[in-house]
Amino acid sequence: MAVAALLRSAAQGRGGRVWRWRLRMAARGRLTHGSGRHGCEPVGGTAWACFPLGERALVRVRGPDSAPFLLGLLTNELPLPGPADGTTPPPARSRYAHFLNVQGRTLYDVIVYRLPEQEAADQAPAFLLECDSKVLGALQTHLVLYRVRRKVTVELRPELRVWAVLPDHPEEACGAAPLLERAEGASILTPDPRTARMGWRLLTQDAGLVLVPGGRLGDLRDYHRHRYQQGVPEGVQDLPPGAALPLESNLALMNGVSFTKGCYIGQELTARTHHMGVIRKRLFPVLLSRPVPEGGITPGAPVLTESGQAAGKYRAGQGDVGLALLRTEKIKGPLHVRTSDSSQVSLTASVPDWWPTAAK
């Protein structure tokens, strides 16, 4: 899904500043499983599939030292604050980043959101970190460990839900659908910072369908299938803590690393790999010759060439789509992997068309 136009006009509401977003998106494919249309039909009949991501959770980091604290831990810059007068569009309110260990391997993948209600001069800046719910406690412990004497508060936000919002009919040019972002922080609606193909991210205490005109409840299988087809890893299943390397996991391609920011934990290996300019393995989307049940392929199972040479390792997937860490020179030939019942499944690797040409 590519964002063709993003327009916003400022307005004043009871709860503070309200920005109106207009999104025009075009994309490929069709989401097939979901049902349950909710809300009015937007202009041109455009509809949105809203996916409640129960496997994602949120941590709030707040305090006078929250920005420098997070900058010392994350691979990327932080989202910038919005304008004080509300008359001009703010910069991106979210960024993608990884927390790394001291060896430079990924611990947690996160989307960082800047809380708009904290932008007043008399209030401390605050950020929400979206992470895999399986590592919520570990991430909180990690943050507290490095807090030391900084004026920072780390707390869970279980009342907020994370939604992914994708066009319902991506193959058609969409009409204008008005979307709201409220400055008081009751909800945050922002483009997914990893790639325009992943649509929008919505954080809210309310039902996401109410906030998206023409929104319908989507089937989570469609979201993950789309994500795997686009080659976008998410969570500990796709990015095993302490094992995945950020640049092999396409962190740079997903706008998740800054090579000009200050120091952060694990920076040395990432910076050295980048400046060498050689990445021999990457996570690629793969299509299997037949659907495989959940757990049908062991994570880390060897992916082999037709002649039996090692090409990489299978990482994770759903049905007949998934991700594999493969040597770039091996992806064009026939590949196969063995399932847990010792049968053989052929797989085909592809290069997402949203990747920059230099990475293909």
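Which residue stands opposite Ser-346 in strand 18? In this predicted model, the residue is His-336. The pair belongs to a contact between two antiparallel strands, strand 17 (residues 335-338) and strand 18, joined by four bridges. The two strands form a hairpin, with five residues between them. Within the turn, Ser-342 has a positive phi of about 70°.

Strand 18 spans residues 344-349. Strand 14 (residues 281-292) also pairs with strand 18, again in the antiparallel sense, here over three bridges. In this pairing Leu-287 stands opposite Thr-348. The two faces of strand 18 are set apart by their cover. Val-345, Leu-347 and Ala-349 make up the covered face. Gln-344, Ser-346 and Thr-348 make up the uncovered one. In a regular strand, side chains alternate between the two faces of the sheet.

The hairpin also leads to the main nonpolar core. The largest such core holds 53 residues, and Val-303, Leu-326 and Val-337 touch the most other members. Strand 16 (residues 310-327) gives the most to this core, contributing eight residues. Val-337 has a broad set of neighbours, leaving aside residues up to four places away in sequence. Among them are Gln-344, Val-345 and Leu-347. Ile-297, Ala-301, Pro-302, Val-303, Tyr-314 and Ser-343 are touched by Val-337 as well. A second core, separate from the largest, has 25 residues, including Val-61, Val-112, Val-135 and Val-154. In soluble globular proteins, nonpolar side chains tend to be buried together.

Two residues of the second core, Val-61 and Val-154, also face each other across a strand pair: Val-61 stands opposite Val-154 in strand 8. Strand 4 (residues 56-62) and strand 8 pair in the antiparallel sense over four bridges. Both belong to an open sheet of five strands, with the order 5-6-7-4-8 and antiparallel pairing. Strand 5 (94-100) and strand 8 (153-156) stand at the edges. Each has a single partner strand, so one side of each is left without a neighbour in the sheet. On average, neighbouring strands of this sheet are turned by 30° against each other, direction ignored.

The cysteines were examined last. The count of disulfides comes to zero. Cys-50 has a relative accessible area of 0% and is therefore buried. Cys-263, in contrast, counts as exposed, because its relative accessibility is 65% and the cut-off for exposed is over 50%.

Technical notes. Residues numbered from 1 in each chain as written. Predicted model: local features only at pLDDT ≥ 70, side-chain atom pairs only at ≥ 80, totals over all residues. Heavy atoms only, no water. Core = buried A, V, L, I, M, F, W, Y, C linked by side-chain atoms within 4.5 Å. Buried < 20%, exposed > 50% of the residue type's maximum accessible area, 1.4 Å probe, protein only. Contact = heavy atoms within 4.5 Å. Pairing = 2+ DSSP bridges. Axes fitted to C-alpha atoms, helices over the stretch in contact; angles between N-to-C directions. Disulfide = S-S within 2.5 Å.
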